[in-house]
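Got the viewer open? Load the model, put it in cartoon mode and follow along, one selection at a time.

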Amino acid sequence: TRLTMINPAYMTRLLSELAQEMDGATFRITSLRPIRPGNEADPWEKKSLQEFENGRPELLEVVAAEGGGTRLLRYMAPLKVTPACLSCHIKQGYREGDVRGGISVTLPFSPVEAALAGAKKQSVINHAGIFLLGALFGLVLLELLRRRWLNLGETIGQLEAAKTDLAASNQALTQAKDAAEAAILAKSRFLANMSHELRTP
């Protein structure tokens, strides 16, 4: 700038024209109080510049193009007044450190979307793979639990059968005990009668 005496805003305009021809990107210096009318801020840039004055460091948004249709990726960063800027901007009432404007960059969003589409597809594949592995692991666990429940059911059935057999055995033992006690009682009576008969002919 010192050697060519070219205004930084003019240099930015030249670079912007080259960038627009190459890849459709536009960037420019703009301000709420521009020296050159062509640098006047559009509505999105005005909103961004007001936010910079409130302390916001930068702004990045995806917005619809004017008239609808394609979407644009818009970025803006503030330009603060430095001692070198004061030679041109002191007349406007700026002081060092003030936000005198911003540099605005606009790109078509379609290449970004195309790049994101590949990443999105890969992400979907990764998540689907993880979901399928999780589902397979869950099915294996459920099958193991089902088999354990079946084995537990069989064991409970065997215990119930053993309990029934034990109850039947207990009942048979009780009946045998009662019969043995009745036999002992009958024998005792028989012996008592016989001894009585033997003693008293």
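Start by selecting strand 3 (residues 71–80) together with strand 4: they pair in the antiparallel sense over 9 bridges. Helices and strands here are DSSP runs (H or I of at least four residues for a helix, E of at least two for a strand), numbered from the N terminus. Two strands pair if DSSP finds at least two bridges between them.

A word on what you're looking at: this is a predicted model, where local features need pLDDT of at least 70 and side-chain atom pairs count only at pLDDT 80 or more, while totals for chains, interfaces and linings use all residues. Residues are numbered from 1 along each chain as its sequence is written, and side-chain values use heavy atoms, with hydrogens and water left out.

Now show sticks for Met76, which stands opposite Ser104 in strand 4. Add Tyr75, whose bridge partner in strand 4 is Val105. In a regular strand, side chains alternate between the two faces of the sheet. Met76 also leads you to the next strand pair, since you'll find it as the strand 3 bridge partner of Leu59. That pairing, strand 2 with strand 3, is antiparallel over 6 bridges.

Zoom out to the whole sheet. It is open, has 4 strands in the order 1-4-3-2, and its pairing is antiparallel. Which strands sit at the edges? Pick strand 1 (26–30) and strand 2 (59–64), each of which pairs on one side only. Neighbouring strands are turned by 20° against each other on average, direction ignored. For angles, axes are lines fitted to C-alpha atoms (for helices, over the stretch in contact), and values run from 0 to 180 degrees between N-to-C directions.

Next, bring in the helices. Helix 1 (residues 8–23) lies across strand 1 and strand 4, running at about 160° to strand 1. Helix 2 packs on the sheet too, touching strand 1, strand 2, strand 3 and strand 4, where contact means heavy atoms within 4.5 Å. The direction of helix 2 makes about 40° with that of strand 3.

Time to look for empty space. Rolling a probe the size of a water molecule over the atoms shows where it is left. On a 1 Å grid over the protein atoms alone, a cavity is a set of points where a 1.4 Å probe fits but cannot get out, and lining residues have an atom within 4 Å of a point. Grid points are joined across faces, edges and corners, and the volume is the space filled by probe spheres set on the points. How many cavities of 30 Å³ or more are there? The count is 1, and the largest cavity holds about 30 Å³. Select its lining: Ser31, Leu32, Leu49, Glu53, Tyr94, Val99, Arg100 and Gly101. Helix 2 (43–53) and strand 4 (99–108) are the elements that give two or more residues, with strand 4 supplying the largest share, 3 residues. By class, that lining has 4 nonpolar, 2 polar and 2 charged residues (Ala, Val, Leu, Ile, Met, Phe, Trp, Tyr, Cys and Pro are nonpolar; Asp, Glu, Lys and Arg are charged; the others, Gly among them, are polar).

Last stops, three single residues:

- Asn7 lies in the segment before helix 1, and its C-alpha is 9.8 Å from that of Cys88, 81 residues apart along the chain.
- Glu21 is in helix 1; from Glu21 to Leu150 it's 74 Å, C-alpha to C-alpha.
- Leu185 lies in helix 4 (residues 110–199), with 130 Å between its C-alpha and that of Pro83.

Terms used
On a 1 Å grid over the protein atoms alone, a cavity is a set of points where a 1.4 Å probe fits but cannot get out, and a pocket is an open set with protein on both sides within 12 Å along at least five of seven lines; lining residues have an atom within 4 Å of a point.
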